[in-house]
Structure formats: C-alpha cells, structure tokens
Amino acid sequence: MTDKIPVTVLTGYLGAGKTTLLNRILTEDHGKRYAVIVNEFGEIGIDNDLVVGADEDVFEMNNGCVCCTVRGDLIRVVAGLMKRQRPGKPAFDAIIVETTGLADPGPVAQTFFVDEDVKAKTQLDSVTALVDAKHVMARLDDSKEAREQVAFADRIILNKVDLVDEAELVAVEARLRRLNPLAPITRAERANVPLDQVLGLGGFDLGRILDINPEFANPAHGEHGHVHDEHCGHDHHDHDHDHDHAHDHHHGARGHAHEDDIKGISLSLDRPMDGTRFTAWLDRLLGEQGQNILRAKGIIDVNGEDRRLVFQAVHMILEGDLQKPWGANERRWSRAVFIGRELDEAALRAGFEACAA
Amino acid sequence: MRTSNFDAQITAIVFDAEGAIFALGDGSVRFEGGEFSAAHDGAILCAVAHPSGDGVITGGDDGRLIWHRRTDAGVLATSARGQWIDAVDASAESGLIAFSAGKILTVLDAKDAGFRRDFQHEHTVSGVAFEPKGRRIATSTYGGAALWFARIAEQRPTFLKWAGSHTAVTFSPDGTFVVTAMQDSQLHGWRLKDQKNLRMGGYPSKVRAMSFLSNGQLLATSGAQGAVLWPFVGANGPMGREATEIGFDEGSLVALVASQPKHGVLAAGLSDGRVWLADPAGQGLNFLKADRGAPITALAMSADATRVAWADEDGNAGVAEA
C-alpha cells in the first residue's frame, strides 16, 4: 500500500535539549505530519496531536541472544500507529522516537531490523544523539548509556555551545570524535539545527553510504587541521578562531585524553580485497564480538568486481550489498569503521588487511 | 457475497447477533446494514461483541472504550491518562468486559455501571481473554501470563511464567489450558491444574491469530504456509503430539484464522488476499475469495459458523455465507 515510514530516533539525557529540538521539528513549516513516540506519556511541552507514550520495555528474545533484544513497546506502538495509516491519505509522514538518557540505543535500532511487522511497515532512518556542551564531559565520565548513545549515533548535535568557550568545545568534540568517528557533529544553540540534519539522513541505507573517510578523520572544530565541510552546521564567521591557539588546545586535549571504554576504529586498504575472505572475516567478527560492536560501516573494493561492496552493522545484525560501480577516475580503496567496546585495534587491522586479494 | 471498500484500514471485525461489524483505523464503526458510528477520536485498536449480543465494544488510541449499537453509542470507560486501549474481551456467560491499557487490566460489568476493577501488571499487557465461564481472565505480558479472578478487588494473580515476550492469549473452551502467542514465532501453553508447560513451535512467522474449533479438540493458528492445527484431546492436550497443517501453499502465508469452538469449520485469510473455508475432517478448500490482492488484515466468523467476514490492507471488505 504505502511506502515504508521513516523513523528517526533522538537520544540524549535529560536537559540536553530534546524537547526543544522536537518542538522545532514539529512546528517548522514543512507541511509534514509526524507521529512522536516519547518515553513518558503525558509529558508536557510537546506540541503535536500524535504523541504516544512508550515504556522502554526491553524484551529479550527467548533464544537468549542479547543481540536480538528488542523494545517491545515500540513493536506495540508502531503496530498501533500503522492502523491510522491509509492508502493515499497517510495520517503521518514519519515517526520520531524520543528516548531517555538511560535508554540503550541498541534494542531501539534492532527492533526495526528484527521484528517482521515493524520491518514491513517502517524503515529506521537514523539515530541522532543530542548532547549538552556544558555537561557532556561529566555525563560521558559517569554514564555508560551516555557513551553508548554518542557511539551509536549517525549524527551528534552538540547543543548549548553558547554556554562554554571554544577551548572546551574543542576538547568535547575531540572526545566525541574518538567515541564515534562516523557521525558528523553539528554545533547548535537552543537546538537550532536545520531539519535536514536530523531527518532523512539515511544512516542505515546502504545506497547512501557513499563516503567513509577514516584517514581524513576530520579533527574537531578548532583543532589543527580541521576542515570545514557541509557537516559543520554553523556559519564559519561565527567563531573566527586562532588556529595556533587552538593547536595548543589540541595538545592539551590529548594530554588529558579521556580513555573511554568505547572507541571508533578506522581501517583502510589500498589494494583490492578478496570478497569471500572478507565476508567470512566480517561474519566471524560480528559473530564473536557483535555484542561489543555498536555500529560498523564500510565500503569495500572487491577484487574482480566493478561495484563497491557496502555494509552496515548494528551489533550482530549485518546488511551488505553491492552498490554503484566505481568511477573510471575514482580512487578504488576499501575502508571501514567499527565502533565498539574493548576492541583490539591491532587485531582488527591485521584481520582486515589479511583479506587482501 | 457482499463487498465494500472503506477509506480507512479495517482493524477488526466482529459478528454480533445481527451481522458483521467493521471497526476502522479512522475511529469509525460500520455495520453491515449500513449504520455508522464515529465516536472515537483516533484509531480503533481492538474490538469484541458486546456480551448482550447487541453491537460492538471498541478500544481506541484515544483511551476510550465505547459500546456502539446501530442506533447509538456511548463511552463505557476511559483509561488512565488516555493511554491506548490495546486489548479487549467480553463474556456473554458472565456479562463482564475486560480491557487493557498499558500495564492495567480493567474489568467492567455490562449490567452494573458502578462496577470497575483495575489490576496492575509489572509489564504492558498485550492480550486479554476470559475463561469460558467468564469468571477468570488471562492476560499476556512479557515473561508469561497472569490469571485473575474477574470480580475480586484485592488479589494477587497466578502468574504463569515463561521467558520471552507473549503477545496474545486464549483459553481452551473447557478452561483447562491457557495458550499464548510469542514474539519469537511460537506458541506457549500451560495446563492449569499443574502448570505444566506446552511448547508449540516451528512457525516461519509470528502467530497473529489463534482460534479453537471442533468442540475445543483443535486449536487453529496462523503464521505458516497453511493453517496449523494442534490437537487438544484428553488431559494432555497437544503434549507429545504433532500439529497438522491444512491448505498448505508455498506462495503465501496464513495471516489470520477464525472459527467457533462448537463448530467444525475453519476460515483462513492469506497474505496474498485470498480467503478460504475448510472442514479439517474433510477434503479440500472452499475459496470464499479466490482473487489475490492486499494481505488480509481482519477476519471473523459468526457464532453459528454460517458467515465469514474479511478485510484487506487496502480497505476492501466482504461478507460471505459459509
């Protein structure tokens, strides 16, 4: 009947600005209608006629596999919401799921891949983590959930940047980037983010995983070597900072580097890979360490194949497909990013490189 | 056969004493005779025939439980904080009505407007079913099923434990077994006298519908390429016995089944839009709707098993003589 409904997940702890962002999304003049799933029903301050409460009920499947853990409340609420939909006259265009700071984003995302009914009707678009520039460092120190939410995200919105100085922002961004090298960081005040940086990102869409640049690994704002790109999400003249000065901070931030239990590992290889060997390696890796791998994405140059192999994974759930052909003048290379807990970088790199054809 | 098309999804169909009643995703109720009721502000999530045999009781995402008759409609109850009413059942035997919203099961008496019981669960309730005499109620939740006495105000339920998420519940017609459908494509059952577990698996898909027929000797379910029939004969029910499958078709799934406990015919609605009727003891399928189309999303059989009504995902609905 209708196309699959896109779902955007907003994570972030209390006070990070989720309600402000939600209201911006809902009240902006875009002609779209959204259904909003919030964690606490009857929560005040959300300006929408289709707000549904969920319970953050995490369901373990009977087979005991942690990676099949889903959010039962989301299955129930999505099924109920779909009853309002009708052909040609949809009751809403997208679903936004708001989670609490205590929510584990894994089961939220897995629900959209594991449950057959939810999968048939909806498509997970992206996970956006909202963090508050002033308090995020302390949160990351004391909360495993805060680290996981950042590590899991397709985009990180660094909110309330007006409350801290540039040096602090640089340190925060450096730490966020170590936790998650895949997600662009958007700076914001009072959650003033352009909506196209939250909605319609296609974070799980293999066809849109076009560019993963581990070597580039853009340093954070203000750090030496930062390249302003379309992901910065701010006016460049806003902070006409001194690069030399920032360079000092760069060392400062490293000097007090927070060694988080979660980190992103970027791998790349300039030779073609053996498709069979790579697939076997990836399957085994996710099978053995999938519990600790929050997200993974990669673009692989397969020996003897004109199209690029693109994959993305959430814990043990892997999706991969051959996507568009390499261009004639395009640099053919393989790159992948694994974000997770207690990952052995040397072993991952050795395993990745051993897949060379 | 009579067909119609509605511009909203049909979320449930029930038969009352007079005919088929369609409950819709736009909150309206359409009677087979053309009468119309639009009392909900939102989608209807669940429906059951009123214990009196006159009209339908619907639960909505507006948190209201409404009794619609051909001439009028009235609110029977509302949920706390307007929470969605996810499941409803009613018993003609006891005249009681039970519905769930969030973690709360509420019991009403159709003949006593002042009667109301609210029972709290640890997890959200997914399904509600009266035992055949209408004096006890089973609910399905995460981690198992709870058994409540319908009228007693202060009580602790008997909790039938089984790990996993249970998504629907039913009683066997003799009241000796409780069966749930589970998130991971299987059924689970308990023999009530000793809480012995029954595991009924092997489904390729989630089970959306369970229905007893043939004097309670068979439990029919959806969720496979054919309708799956579990034998409930003797004290052991299906323990140690095999299920049978009728109407197997590799190209489609049975999305829903409907039957009546006292009668020996089974209706099935398929994922490819077809609807058939069969006598499990006999041969062959009688296709009530042979045209393929959108998946069947609602199916019901009248109490005397003479009529079957269905609806598909595109809002097409039909009623046929069995």
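How many salt bridges does the rule find across the interface of chain A and chain B? I looked this up before anything else, and I note that the model is a predicted one. The rule finds 8 salt bridges across that interface.

**Entry 1. The interface**

I then recorded the extent of the interface. On one side 28 residues of chain A are in contact, and on the other 34 residues of chain B. The two chains bury about 2,600 Å² between them, and 46% of this lies on carbon and sulfur atoms. I also noted 13 residue pairs in polar contact between chain A and chain B.

Three elements of chain A, namely β4 (58-59), α2 (72-82) and α4 (116-121), each supply at least two residues of the side that touches chain B. The largest share comes from α2(A), with 6 residues. By class, this side of chain A divides into 13 charged, 11 nonpolar and 4 polar residues.

**Entry 2. Individual salt bridges between the chains**

I examined two pairs that cross the interface. Lys206(B) and Asp117(A) meet through their side chains in a salt bridge, at 3.1 Å from N to O. Asp7(B) forms a salt bridge with Arg86(A), the N to O distance being 4.0 Å. In the latter pair, Asp7(B) sits in the loop between β1 (2-5) and β2 (10-15) of chain B, and Arg86(A) sits in the loop between α2 and β6 of chain A. I list Asp7(B) as partly exposed because its relative accessibility is 42%.

**Entry 3. Salt bridges within chain B**

I turned next to pairs inside chain B. Over all chains the rule counts 42 salt bridges. One of them joins the side chains of Asp16(B) and Arg70(B) at 2.8 Å, N to O. Why does this pair tie together parts that are 54 residues apart in sequence? Asp16(B) lies in the loop between β2 and β3 (20-24) of chain B, whereas Arg70(B) lies in the loop between β8 (64-68) and β9 (73-78), so the pair links parts separated by 54 residues. Both Asp16(B) and Arg70(B) are buried.

A second pair is Asp62(B) with Arg64(B), whose closest N and O atoms are 3.1 Å apart. Asp62(B) counts as buried at 18% relative accessibility, while Arg64(B) counts as partly exposed at 26%. I also recorded one network, in which salt bridges with shared partners join Asp115(A), Glu116(A), Asp117(A), Lys206(B) and Arg208(B).

**Entry 4. Chain A and its helices**

Chain A has 10 helices and 14 strands. Of its 357 residues, 54% count as buried. Among its contacts between residues at least 6 apart in sequence, 75% join residues at least 24 apart.

Is α2(A) largely enclosed or largely open? I find that 10 of its 11 residues are buried, so α2(A) is largely enclosed by the rest of the structure. The buried residues of α2(A) include Asp73(A), Arg76(A), Leu81(A) and Met82(A).

For helix α1 (residues 18-27) of chain A, I list Lys18(A), Leu21(A), Leu22(A), Asn23(A), Ile25(A) and Leu26(A) as the buried residues. They pack against five strands of chain A: β1 (5-11), β2 (34-38), β6 (94-98), β7 (122-132) and β8 (155-159).

**Entry 5. Glu148(A) and the annotated domain**

Glu148(A) is placed in helix α6 (residues 144-152) of chain A. Its relative accessible area is 2%, and Glu148(A) is therefore buried. Beyond its neighbours within four places in sequence, Glu148(A) is in contact with Asp104(A), Pro105(A), Ile262(A), Leu294(A) and Arg341(A).

I consulted the UniProt record, where an unreviewed entry lists residues 262-356 of chain A as "domain: CobW C-terminal". Over residues 262-356 of chain A, I noted 25% helix and 43% strand, with the end C-alpha atoms 27 Å apart.

**Entry 6. Gln155(B)**

What does the side chain of Gln155(B) reach at 3.0 Å? It reaches the backbone oxygen of Ile152(B). In addition, a polar atom of the Gln155(B) side chain lies 2.7 Å from the backbone oxygen of Phe149(B). Gln155(B) belongs to the loop between β15 (136-149) and β16 (158-171) of chain B. With a relative accessible area of 19%, Gln155(B) is buried, because the cut-off is under 20%. Leaving aside neighbours within four places in sequence, I list Phe119(B), Trp148(B) and Phe149(B) as the contacts of Gln155(B).

Note on methods: Residues are numbered from 1 along each chain as its sequence is written. Chains are lettered from A and ligands numbered from 1 in the order in which they are written. This is a predicted model: local features need pLDDT of at least 70, side-chain atom pairs count only at pLDDT 80 or more; totals for chains, interfaces and linings use all residues. Side-chain values use heavy atoms; hydrogens and water are left out. Contact means heavy atoms within 4.5 Å. Buried area is the accessible area (1.4 Å probe) that two parts lose on being put together, summed over both. A polar contact is a pair of N or O atoms within 3.5 Å; within protein, one must be able to donate a hydrogen and the other to accept it, and residues adjacent in sequence count only if both atoms are side-chain atoms. Helices (H or I, at least four residues) and strands (E, at least two) are DSSP runs, numbered from the N terminus. Ala, Val, Leu, Ile, Met, Phe, Trp, Tyr, Cys and Pro count as nonpolar, Asp, Glu, Lys and Arg as charged, and the others, Gly among them, as polar. Buried means under 20% relative accessible area, exposed over 50%, partly exposed in between (1.4 Å probe, protein chains only). UniProt positions are given in the numbering used here, feature names are shortened, and annotations may be inferred rather than shown by experiment.
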